[in-house]
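Below is my note on the model, set out as numbered points for someone reading it beside the sequence.

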Amino acid sequence: MAIEIKAPTFPESVADGTVATWHKKPGEAVKRDELIVDIETDKVVLEVLATADGVLGDIVKGEGDTVLSDEVLGSIVEGGAAAAPAAAAAPAAAPAAAAADAGEDDPVAAPAARKLAEENGIDLASVAGTGKGGRVTKEDVVAAVANKKSAPAAAPAAKPAAAAAAPVVTAAGDRTEKRVPMTRLRAKIAERLVEAQSSMAMLTTFNEVDMTEVMALRSKYKDLFEKTHNGVRLGFMSFFVKAATEALKRFPAVNASIDGNDIVYHGYADVGVAVSSDRGLVVPVLRNAESMSLAEIENGIATFGKKARDGKLSIEEMTGGTFTITNGGTFGSMMSTPIVNPPQAAILGMHNIIQRPMAVNGQVVIRPMMYLALSYDHRLIDGKEAVTFLVTIKNLLEDPSRLLLDI
């Protein structure tokens with residue numbers, strides 16, 4: 001009996017998706033709840049699992065094809081795992097034989113692993129596969145990339161035999177080019193950035209914050225905080241989220257959005273926190289952040305970070321948001337002008353903390369300083385309101401007790 005493999009039901013905000021990777025080939029055995037195909041949307045990668053034991057039948061939608069919600073991708077010929085080898089003997093033997101003939105120079109690897117290896121100059125023949133039948137997985141390549149970055153420069157010279165398998169180094173003056181298709185996520189990011197700049201009257205205001213008090217508070221209580229909250233670490237982002245939500249209460253226009261000719265004021269603060277992943281920048285949302293504790297915020301951000309690295313973020317976790325915070329300081333950025341994420345009205349940019357000489361009470365002292373940037377939609381937010389909003393965040397962070405006293 002053939003069972004249809006269907007694409008997931010997409011939410012209204014997602015029109016269609018693209019088949020990213022088939023993890024099984026026709027004729028290969030599959031088990032119930034085993035990952036068989038990835039669907040890439042504008043926001044996340046959705047995993048399609050097998051609904052029964054059996055053998056993968058025909059593939060209707062190949063890698064790169066566009067699919068709609070609930071559209072048929074292929075089929076599973078239902079049957080026990082024991083029946084899979086007989087049904088798939090001929091198709092399965094071919095790849096195995098091909099791999100054996102090819103030797104180490106052409107290892108069996110998942111498409112996602114091949115792509116990642118190519119982008120990072122990793123020779124798949126040197127990667128030990130941990131997948132089924134020695135298949136090289138994406139995780140294997142990620143580990144190889146990490147080892148490559150940490151390995152000493154002299155390591156390749158110690159094994160002359162491996163030189164033949166190393167990536168070809170182009171000679172000076174060669175004009176090489178490489179053309180790769182833009183991922184749906186990158187295409188969507190490009191579209192939204194252009195949309196934001198063309199549809200908004202976007203301005204950016206800057207300020208600086210003395211991080212002395214926050215750093216002292218964190219240093220004093222971080223061990224006790226982690227012990228009390230079951231391993232949740234105290235970072236800087238939770239202070240910024242708390243300060244931002246307090247400022248949003250005082251300046252509701254910064255938390256609002258424009259819908260046609262209407263202004264929608266939100267009685268809650270759903271704060272998007274920009275997280276970097278292998279696929280690009282993603283912005284999962286902390287729902288009702290105004291009512292969250294520092295520990296809840298830190299735990300939420302840590303969870304989002306892990307999900308982003310593993311490609312496990314759901315569409316629901318990345319949909320919505322009334323305000324966004326992005327931290328370019330983790331990459332060493334001193335100052336930037338972040339772009340507002342429509343239909344939101346503003347975005348806060350954090351930057352690197354640098355020890356700088358400052359004039360304090362008539363004396364020159366060294367303080368840990370950070371530049372802050374607030375980009376905002378001038379159609380909705382006046383300049384005075386934007387500047388005062390940012391100053392409020394600055395004051396709350398320079399004297400964190402204000403957050404507790406609500407002053």
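1. Asp70 sits in the loop between E7 and E8, and its phi is near 65 degrees, a positive value in a residue other than glycine. With a relative accessible area of 38%, Asp70 is partly exposed. This is a predicted model, and the backbone values given here should be read with that in mind.

2. Asn230 belongs with Asp70 in the discussion of backbone angles, since Asn230 also has a positive phi, of about 55 degrees, although it is not a glycine. Asn230 lies in the loop between helix H6 (212-228) and H7, and at a relative accessible area of 75% Asn230 is exposed. A further backbone feature is the peptide bond from Pro342 to Pro343, which is cis, with omega near 5 degrees; Pro343 is part of the loop between strand E16 (323-327) and strand E17 (346-350).

3. As for the overall make-up, the protein chain contains 10 helices and 19 strands, and 38% of its 407 residues count as buried. Among the contacts in the protein chain with a separation of 6 or more, 64% are between residues 24 or more positions apart.

4. One open sheet has 4 strands in the order E1-E8-E6-E3, with antiparallel pairing. Its edge strands are E1 and strand E3 (29-30), each of which pairs on one side only. Strand E1 (residues 2-6) is joined to strand E8 (residues 72-78) in the antiparallel sense over 5 bridges, and here Ile3 stands opposite Ile76 in E8. Strand E6 (residues 54-59) runs antiparallel to E8 and is joined to E8 by 4 bridges, with Glu78 in E8 as the bridge partner of Gly54. E3 and E6 pair in the antiparallel sense over 2 bridges, and the bridge partner of Ala29 in E6 is Val55.

5. Another open sheet, also of 4 strands, follows the order E5-E4-E2-E7 and has antiparallel pairing. Here the edges are strand E5 (45-49) and strand E7 (66-67), each pairing on one side only. E2 and E4 are paired in the antiparallel sense over 4 bridges, and Thr18 stands opposite Glu40 in E4.

6. How far apart should the ends of helix H5 (residues 184-199) be, at 1.5 Å a residue? The 16 residues of H5 should span 22 Å, and because its end C-alpha atoms are 22 Å apart, the model agrees with that expectation. The buried residues of H5 are Arg184, Leu185, Ile189 and Ala196. These residues cover an arc of only 135 degrees around the axis, and therefore lie on the same side of H5. An α-helix has 3.6 residues a turn, so residues three or four places apart point the same way. On the other side of H5, Val194, Gln197 and Ser198 are exposed, whereas the buried residues of H5 pack against strand E2 (17-22), strand E4 (35-40) and strand E14 (280-282).

7. The largest nonpolar core has 71 residues, of which Ile39, Leu73, Leu286, Phe323, Ile325, Phe389 and Ile393 touch the most other members. Helix H7 (residues 237-250) gives this core its largest share, 8 residues, and the core draws at least three residues from each of domain 1 (1-76) and domain 2 (201-402). Ile325 may be taken as an example: not counting residues up to four places away in sequence, Ile325 touches Met237, Phe240, Val241, Ala244, Val271, Gly272, Val273, Ala274, Leu348 and Met350.

8. Apart from the largest core lies another, of 10 residues, among them Ala113, Leu116, Ala117 and Ile122. Is Ile122, in the loop between helix H3 (111-120) and helix H4 (138-150), buried or exposed? Ile122 counts as buried, because its relative accessibility is 13% and the limit for buried is under 20%. Leaving aside its neighbours within four places in sequence, Ile122 is in contact with Ala117, Val127, Ala144, Val145 and Lys148. The C-alpha atoms of Ile122 and Val141 are separated by 7.6 Å, although these residues are 19 residues apart along the chain.

Note on methods: Residues are numbered from 1 along each chain as its sequence is written. This is a predicted model: local features need pLDDT of at least 70, side-chain atom pairs count only at pLDDT 80 or more; totals for chains, interfaces and linings use all residues. Side-chain values use heavy atoms; hydrogens and water are left out. A nonpolar core is a set of buried Ala, Val, Leu, Ile, Met, Phe, Trp, Tyr and Cys residues joined through side-chain atoms within 4.5 Å. Buried means under 20% relative accessible area, exposed over 50%, partly exposed in between (1.4 Å probe, protein chains only). Domain bounds come from an automatic or database domain assignment. Contact means heavy atoms within 4.5 Å. The expected span of a helix is 1.5 Å times one less than its number of residues. The arc is that of the directions from the helix axis to the C-beta atoms. Two strands pair if DSSP finds at least two bridges between them.
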